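Reader: I would like a close look at one buried position and its surroundings, followed outward until the rest of the chain comes into view. Please take it slowly and keep the reasoning explicit.

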Amino acid sequence: MRIHIVDAFTDRPFAGNPAGVVLLDAFPDDGRLQNVALEVNHAETAFAHPLPEGGEADWALRWFTPVAEVAMCGHATLATAHILRTTGAHEGTVRFAIRSGVLVATPAEDGSITLDFPTARLTRAEIPAGVAEALGAEPLTCFDTGPQIGDLLVEVADEKTVHALRPDHKALAAYSRRGVIATARAENPELGYDFVSRCFFPNVGIDEDPVTGSAHTALAPFWSERLGRAGLTGLQASPRSGRVRTELRGDRTLLTGRAVTVIEGELLAW
């Protein structure tokens, strides 16, 4: 059984967000999937298997962090679509069946892949007491991202503040189901991005996620409303860094990025 390590939302190795990808004939029990994800020890490992022809989806897809299964993951979906294309396992647009419906990934001739995800429903929230101390910066505004994402979206003063954050990850765990997204407007859009973000997910075993596709389904409507454009580019300012192109289409958000296969190996113990 082959296992692939793919850097997603980047065009170069050792950047972006690494994900494990395992293609199966069928899903085994959850314990086996969780054990493999723990062994891979990246933010997410994706497991996929082909579905019968003629249905509403082509492949079934699930994602696991080292400690839990998650309901939505952008970078591991991008990584899976990349592996399906580069290995010849699937050609053209691929439809993934997930727990909450169907996600679509469409490759382009330039090598990029566009994901069609549901837009997060943002609800303005009161700034929780203590979140400034846990995050290490004073929030300007605060939004709940809804049950699909499960994060608290926090706007801070400027891009420098986002880069300088040194949060108390244990303390942040109290403020949402998954974690906290910190964001600010880009200081210089001429550098090719419109907003910056960092994502901290202590409740699923990830202190800081390098590049988070699902978070951009909340960042896209947040910044599109403020900047007056449907199409934007976000820079996730983690140490590995990566960029996500977003296009807001009402209740859907398109996420576009590239991916690079870094490691291919054989899964010997199963």
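Author: The position to begin with is threonine 183, which is placed in strand β12, covering residues 179-185, and everything said about it here refers to a predicted model. Its relative accessible area is 0%, and because the limit for a buried residue is under 20%, threonine 183 counts as buried. The residues that threonine 183 touches, leaving aside those up to four places away in sequence, include Leu153, Val154, Glu155 and Val156, then Val162, then Phe195, Val196 and Ser197, and finally Leu219, Phe222 and Trp223. One of these neighbours, leucine 153, is 30 residues away along the sequence, yet the two C-alpha atoms are 7.6 Å apart in space. The side chain of threonine 183 also has a polar partner, since it reaches the backbone oxygen of valine 196 at a distance of 2.7 Å.

The loop that joins β12 to β13 (195-201) contains aspartate 194. Aspartate 194 has a relative accessible area of 12%, and is therefore buried as well. Its side chain is joined to that of arginine 229 by a polar contact of 2.8 Å. Beyond arginine 229, and again not counting residues up to four places away in sequence, aspartate 194 touches Arg185, Ala186, Leu227, Leu232 and Thr233.

From here one can turn to the nonpolar cores. The largest of them holds 45 residues, and Trp63 and Phe96 have the most contacts inside it. Helix α2 (residues 74-87) supplies the largest share of that core, namely 6 residues. Apart from it lies another core, of 19 residues, whose members include Val156, Val180, Ala182 and Phe200; Val156 has already appeared above, as one of the residues touched by threonine 183.

Helix α2 itself deserves a moment. Of its 14 residues, 11 are buried, so the helix is largely enclosed by the rest of the structure. The buried ones run from Gly74, His75, Ala76 and Thr77 through Leu78, Ala79, Thr80 and Ala81 to His82, Ile83 and Leu84. Its length also fits expectation, because 14 residues at 1.5 Å a residue should span 20 Å and the C-alpha atoms at its ends are 20 Å apart. After α2 comes glycine 88, which has a positive phi, near 80 degrees.

Two residues of α2, Ile83 and Thr87, are among those touched by histidine 4, as are Ala19, Gly20, Val21, Ile263 and Glu264. Histidine 4 sits in strand β1 (residues 2-8) and, having a relative accessible area of 5%, is buried.

Helix α1 (residues 30-40) offers another arrangement to examine, with Leu33, Gln34, Val36, Ala37 and Val40 buried. Viewed down the helix axis, these buried residues fall within an arc of 160 degrees, so they line one face of α1. The spacing can be read against a general property of helices: an α-helix has 3.6 residues a turn, so residues three or four places apart point the same way. On the other side of α1, Asn35 and Glu39 are exposed, while its buried residues pack against β1, β2 (17-23), β3 (44-50), β4 (59-64) and β5 (69-70). At the start of α1, the backbone nitrogen of glycine 31 has a side-chain oxygen of aspartate 29 within 3.1 Å, and the helix is followed by asparagine 41, with a positive phi near 60 degrees.

One of those strands, β4, contains arginine 62, which has a relative accessible area of 15% and is therefore buried. The side chains of arginine 62 and aspartate 30 are joined by a polar contact of 2.9 Å. Besides aspartate 30, arginine 62 touches Phe27, Leu33, Thr45, Ala46, Phe47 and Glu69, with residues up to four places away in sequence left out.

Finally, the protein as a whole has 6 helices and 18 strands. Its radius of gyration is 18 Å, close to the 18 Å that the globule rule gives for 270 residues, so the protein is as compact as a globular protein of that length. The C-alpha trace spans about 50 × 35 × 30 Å along the principal axes, and 54% of the 270 residues are buried. Among contacts with a separation of 6 or more, 63% link residues 24 or more positions apart.

Notes: Residues are numbered from 1 along each chain as its sequence is written. This is a predicted model: local features need pLDDT of at least 70, side-chain atom pairs count only at pLDDT 80 or more; totals for chains, interfaces and linings use all residues. Side-chain values use heavy atoms; hydrogens and water are left out. A nonpolar core is a set of buried Ala, Val, Leu, Ile, Met, Phe, Trp, Tyr and Cys residues joined through side-chain atoms within 4.5 Å. Buried means under 20% relative accessible area, exposed over 50%, partly exposed in between (1.4 Å probe, protein chains only). Helices (H or I, at least four residues) and strands (E, at least two) are DSSP runs, numbered from the N terminus. Contact means heavy atoms within 4.5 Å. The expected span of a helix is 1.5 Å times one less than its number of residues. The arc is that of the directions from the helix axis to the C-beta atoms. A polar contact is a pair of N or O atoms within 3.5 Å; within protein, one must be able to donate a hydrogen and the other to accept it, and residues adjacent in sequence count only if both atoms are side-chain atoms. The radius of gyration is taken over C-alpha atoms; the globule rule is 2.2 Å times the number of residues to the power 0.38.
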